[in-house]
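Reader: Please take one helix of this chain and go through it closely. I would like the cut-offs stated along the way.

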Amino acid sequence: MNVKSNSLHLKRLEEKGIVIEEIYKYPKDNKIFIRTTDGKENDSVYKSPKIEKNFYKNKKRLFREKNFDPKTFYTIVATKGDKTHTCSECGYSDSLKEFFNGCPYCGANFTINYSNNKSYGRTLKELFSFKWVQFLCIILPIIFAAVSIYLNQDIETIISSIIAIPVLMFATYLFIMTFYTPIIFYRLIVYKDVHTYTIKYNDEIINNAKLIKDVQTTLLNDYYDENLYPKNKDLIDFDILDFEDYKYRYKNNKQYIVLKLKIRKYFSNGNKIKRVISKENIYVTMNPHYKEKREILRKCPNCGANVPPLKKSCEYCKTPLPSTILWIIEKSY
């Protein structure tokens with residue numbers, strides 16, 4: 001008998017018949033770690049970047065993703081070979097696959113780290129991408145040569161037009177870069193990264209890595225909730241590619257940090273996986289109910305029942321409960 005998952009993410013995958021395989025590589029000795037959403041592979045991952053993700057249906061691979069940020073490291077504690085797993089933090093035991101994204105009860109055993117020598121997010125190569133310059137340098141001379149040949153189709157014009165293409169490419173490059181160079185310097189001056197740049201909240205410098213982790217944790221719990229995100233009803237997975245920018249907002253004497261996220265989403269429709277990259281603004285604020293010490297169990301203020309830390313409401317009387325993480329999302333669009 002198949003036991004239905006408690007995770008909204010895993011439930012969605014079960015409904016779609018999709019199994020996700022994630023592959024990590026330890027940088028020092030190139031050791032490979034594999035984790036799957038069905039729990040058949042559950043390696044312990046230690047400070048390793050994700051290098052590949054595969055989507056399977058009926059043991060047939062539908063889609064492969066290999067584009068991941070090499071500066072993002074994961075540490076995930078697991079028990080190799082066991083069909084059930086027990087969380088080292090709270091003692092909760094459940095099916096192995098329930099721990100794919102960490103403990104479903106207290107959120108432990110899932111850690112994201114960021115390289116200290118390189119910032120998280122965009123690299124300078126990505127920031128100053130010249131792909132559009134290269135495209136124009138190739139296409140414009142070819143168009144010019146084609147028009148010249150069309151207007152005068154003698155052999156001399158054809159030969160001279162073909163010979164002129166590389167010269168025109170170089171001239172086009174110099175012309176474009178003459179005007180684009182000031183933009184390059186401007187981007188370099190204003191470039192900032194959420195992980196390395198100083199962010200303040202109520203005039204206090206905050207832990208940027210903690211902010212990123214909490215946003216990731218909240219989205220992992222909420223993104224598959226059709227009541228919160230009705231457009232995500234066919235969503236089966238997502239990756240935060242970059243924190244592109246942030247701004248400060250104040251409303252009702254409350255400060256918000258508005259993060260601009262670049263998110264890669266995967267939607268399932270039959271035997272097809274659709275990959276969509278979108279940008280979203282996330283309003284984040286500090287949780288007034290946050291306690292630094294982890295609470296393994298909370299008491300419902302209405303009925304007194306024990307409630308797991310990650311639950312948003314009491315499982316018995318449905319009373320809403322405040323979040324237990326430091327940074328909470330209040331709005332996204």
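Author: What follows is a close look at helix H3, with some context from the chain.

This is a predicted model, in which local features need pLDDT of at least 70, side-chain atom pairs count only at pLDDT 80 or more, and totals for chains, interfaces and linings use all residues. Residues are numbered from 1 along each chain as its sequence is written, and side-chain values use heavy atoms, with hydrogens and water left out.

The chain has five helices and 17 strands; these are DSSP runs numbered from the N terminus, helices being H or I with at least four residues and strands being E with at least two. Helix H3 covers residues 131-151, 21 residues in total. From first C-alpha to last, H3 reaches 31 Å, close to the 30 Å expected at 1.5 Å a residue, where the expected span is 1.5 Å times one less than the number of residues.

Buried residues (under 20% relative accessible area, with a 1.4 Å probe and protein chains only; exposed is over 50%, partly exposed in between) in H3 include Val-133, Cys-137, Pro-141 and Ala-145. These four cover an arc of only 95 degrees around the axis, which puts them on the same side of H3; the arc is that of the directions from the helix axis to the C-beta atoms. An α-helix has 3.6 residues a turn, so residues three or four places apart point the same way. On the face turned away from the buried side, H3 carries exposed Lys-131, Phe-135, Tyr-150 and Leu-151.

For the chain as a whole, 42% of the 333 residues count as buried.
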